[in-house]
Amino acid sequence: MPEGQGAPPSPRAARSAPDRRSSEPALCPPSQILAPGSRGSPGSPAPRRGATRSCVPQKLAEARSSQYGLIVFVAGLLLLLAWAVHAAGVGKSHLLCVLTALMLLQLLWMLWYVGRRAAHRGLVRLKDTHAGARWLRGSITLFAVITVVLGCLKIGYFVGFSDCLSATEGVFPVTHAVHTLVQVYFLWGHAKDVIQSFKTLERFGVIHSVFTNLLLWANSVLNESKHQLNEHKERLITLGFGNITIVLDDHTPPCNCSPPALCSAISHGIYYLYPFNIEYQILASTMLYVLWKNIGRRVDSRQHRQHRKMQFRFQGVAVGSGLGLAVLAATIGVVAVYLIRIGRSKTKSESALILFYLYASALLTLMGAAGLAGLRLYRLDEQPLDESKNPARKLDVDLLVGTASGSWLLSWGSILAILCAEARPAYTWYNLPYSVLVIVEKYIQNLFIIEATHRAPGTPGEDIRALRVAVVCNGSDAPLASSCLKSDAVARDLGSQMPPAANGSLCLREVSGPGEAEPSWAGARGPACRPRLLQGSTQRSVLRNIAAFLFLCNISLWIPPAFGCRPEYDNGLEEIVFGFEPWIIVVNLAMPFSIFYRMHAAASLFEVYCKI
């Protein structure tokens with residue numbers, strides 16, 4: 001019976017129909033198409049009015065939600081700026097009300113999403129195996145716990161100054177603590193989701209969550225920067241730059257706190273915990289951004305079958321870990337000496353700056369050399385590159401390059417200040433090599449991380465030690481055959497048949513004589529034959545040591561600026577050349593990116609270490 005209108009499709013056509021539908025690039029389900037002149041059977045549902053409308057491309061769908069998020073973010077930033085400059089009619093209570101409302105809206109969406117997923121838990125869900133790694137979720141949990149502790153301290157601060165603080169300053173930390181707990185639970189369970197239903201609503205919900213966390217991050221950065229700026233103005237007086245300071249921007253409530261000692265301890269503790277809160281907010285926003293990019297994404301099931309989970313191995317990295325831990329201990333000591341001596345007197349402040357510049361320059365030199373060695377090893381390796389679509393990896397690379405620009409801006413500002421200043425104190429010359437090394441080291445480290453993250457992870461079969469024999473013979477007409485032997489047993493058999501080499505040079509040839517049933521190996525000595533022997537396990541061990549060393553060094557370099565050791569503030573020369581307020585604005589804008597770069601680079605290096 002021929003297939004036509006009203007005829008059932010053939011079994012072959014029925015089997016191929018789902019495949020054709022799955023290969024279509026549209027994001028919407030295909031609409032029912034009726035033959036011309038037919039109105040369908042009486043029992044069939046009528047076609048929807050918008051069924052013939054073309055499906056919305058993913059880029060356009062992303063643009064709709066991203067513009068909403070940017071509008072919310074820009075409005076929030078303007079409100080933050082108005083409060084920071086003491087604009088008329090804008091108080092802290094107004095800012096906290098807006099942030100609280102944004103968090104409550106995100107809480108409603110997250111609870112709705114978790115409830116809907118729980119109601120359909122029996123359905124098979126697509127997952128992005130590259131997103132939301134377990135170690136990343138563990139890190140964000142640690143920062144979240146400290147953020148909750150910070151919220152508790154803010155509640156205690158509100159109780160102490162309750163006579164002169166608005167109720168919003170008590171509601172905000174409670175809402176933030178609840179928001180933090182629910183968000184961590186959400187990220188643990190759904191960071192890997194590839195959402196394929198309610199995509200428009202989900203895009204708006206996820207992008208709202210991204211920019212809510214970014215606004216909370218900006219609020220924390222602003223509060224922490226105000227505290228650092230007040231300390232900076234006090235330190236400049238001891239260096240003889242009192243003529244460029246302005247009035248301290250003090251936000252202490254105009255009433256007494258009881259008991260005073262407890263309130264003072266709480267106030268200082270809040271600012272020491274801000275760095276962890278800042279890292280939590282930016283990590284949460286990056287994980288949510290990857291979730292947003294995965295909405296409506298087509299996932300290759302073959303890619304998931306080939307994906308191998310990365311495992312943390314501590315064996316064979318004693319050298320890199322030992323050096324990194326020594327650097328970490330030395331950094332803590334340098335930071336302690338810096339904070340003790342800076343601002344005490346002119347001589348002590350200058351000695352503290354010189355100590356920091358010398359130590360940081362030596363450390364950056366070691367890190368740059370390690371990065372160059374790692375790049376060289378990757379160039380010698382013939383492992384294929386992983387060119388699959390990976391939103392998490394692309395975001396990591398973009399963040400590395402983008403946040404490094406903050407340090408580069410500060411370093412170039414310091415270099416120009418040193419070269420253009422009319423009078424240069426002796427200690428400022430140590431800032432010149434330090435600023436140059438910051439630029440070079442981050443450039444090399446970014447190349448190393450990008451190279452490593454784009455390498456395909458090794459298969460279990462490659463864990464066996466491999467012996468590669470490369471033959472390069474010049475001026476010889478004999479037929480040569482290069483061999484790549486990936487088995488220990490074959491390598492040992494070869495070793496017993498190889499003739500001894502002279503001066504460490506050996507050329508292996510496959511010789512087939514008239515009466516030989518199997519090829520034999522002949523040795524040739526001389527400068528014309530230049531072999532290269534590479535052992536895969538040794539190369540991976542060296543790369544793991546480099547990754548472990550750089551990981552601990554980046555954590556070490558995160559500590560000084562996060563806890564108040566900021567020579568860009570305390571140097572004083574930049575303020576004279578550029579002006580106090582312009583340079584302070586540059587530092588306040590660039591420093592958060594510089595701090596985040598070190599933590600993000602450490603996270604990327606940990607992933608590189610597990611991947612090698």
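A cavity, as the word is used here, is a set of grid points where a 1.4 Å probe fits but cannot get out. In this predicted model, the count comes to four cavities of 30 Å³ or more, and the largest of them is lined by 25 residues. The points below take up that cavity, then the largest nonpolar core, then one residue of helix α12, and finally the cysteines.

**The largest cavity**

- The space in the largest cavity comes to about 320 Å³, and among the residues that line this cavity, S407, Y434, V438, E568 and S594 lie nearest its centre.
- Six helices each supply at least two residues of the lining, namely α10 (346-380), α11 (391-420), α12 (431-453), α14 (536-562), α15 (567-570) and α17 (580-611).
- Helix α12 provides the largest share of that lining, with five residues.

**The largest nonpolar core**

- The largest nonpolar core holds 125 residues, and the members that touch the most other members are F186, F356, F448 and L550.
- Helix α7, which spans residues 260-293, gives the most to this core, contributing 16 residues.
- The core lies between domain 1 (56-119 + 129-241 + 253-298) and domain 2 (316-457 + 533-611), because both domains give residues to it.
- Once residues up to four places away in sequence are left out of the count, F186 touches W109, M110, Y113, V114, A191, L288 and L291.
- As a general background to such a core, nonpolar side chains tend to be buried together in soluble globular proteins.

**A452 in helix α12**

- A452 lies in helix α12, the helix that also gives the largest share of the lining of the largest cavity.
- With a relative accessible area of 3%, A452 counts as buried, because that term applies to values under 20%.
- When neighbours within four places in sequence are set aside, A452 is in contact with Y378, V608 and K611.
- A452 and L605 are 153 residues apart in sequence, yet their C-alpha atoms are 8.9 Å apart in space.

**Cysteines and disulfides**

- A disulfide is, in general, a covalent bond between the sulfur atoms of two cysteines, and a search of the whole structure finds zero disulfides.
- Two of the cysteines can be set side by side: C152 is partly exposed, with a relative accessible area of 48%, whereas C610 is buried, with a relative accessible area of 7%.

Conventions. Residues numbered from 1 in each chain as written. Predicted model: local features only at pLDDT ≥ 70, side-chain atom pairs only at ≥ 80, totals over all residues. Heavy atoms only, no water. Core = buried A, V, L, I, M, F, W, Y, C linked by side-chain atoms within 4.5 Å. Buried < 20%, exposed > 50% of the residue type's maximum accessible area, 1.4 Å probe, protein only. Helix = DSSP H or I, 4+ residues; strand = E, 2+ residues; numbered from the N terminus. Domains from an automatic or database assignment. Contact = heavy atoms within 4.5 Å. Disulfide = S-S within 2.5 Å. 1 Å grid on protein atoms, 1.4 Å probe; cavity = no way out; pocket = protein on both sides within 12 Å on 5 of 7 lines; lining within 4 Å. Points joined across faces, edges and corners; volume = space filled by probe spheres on them.
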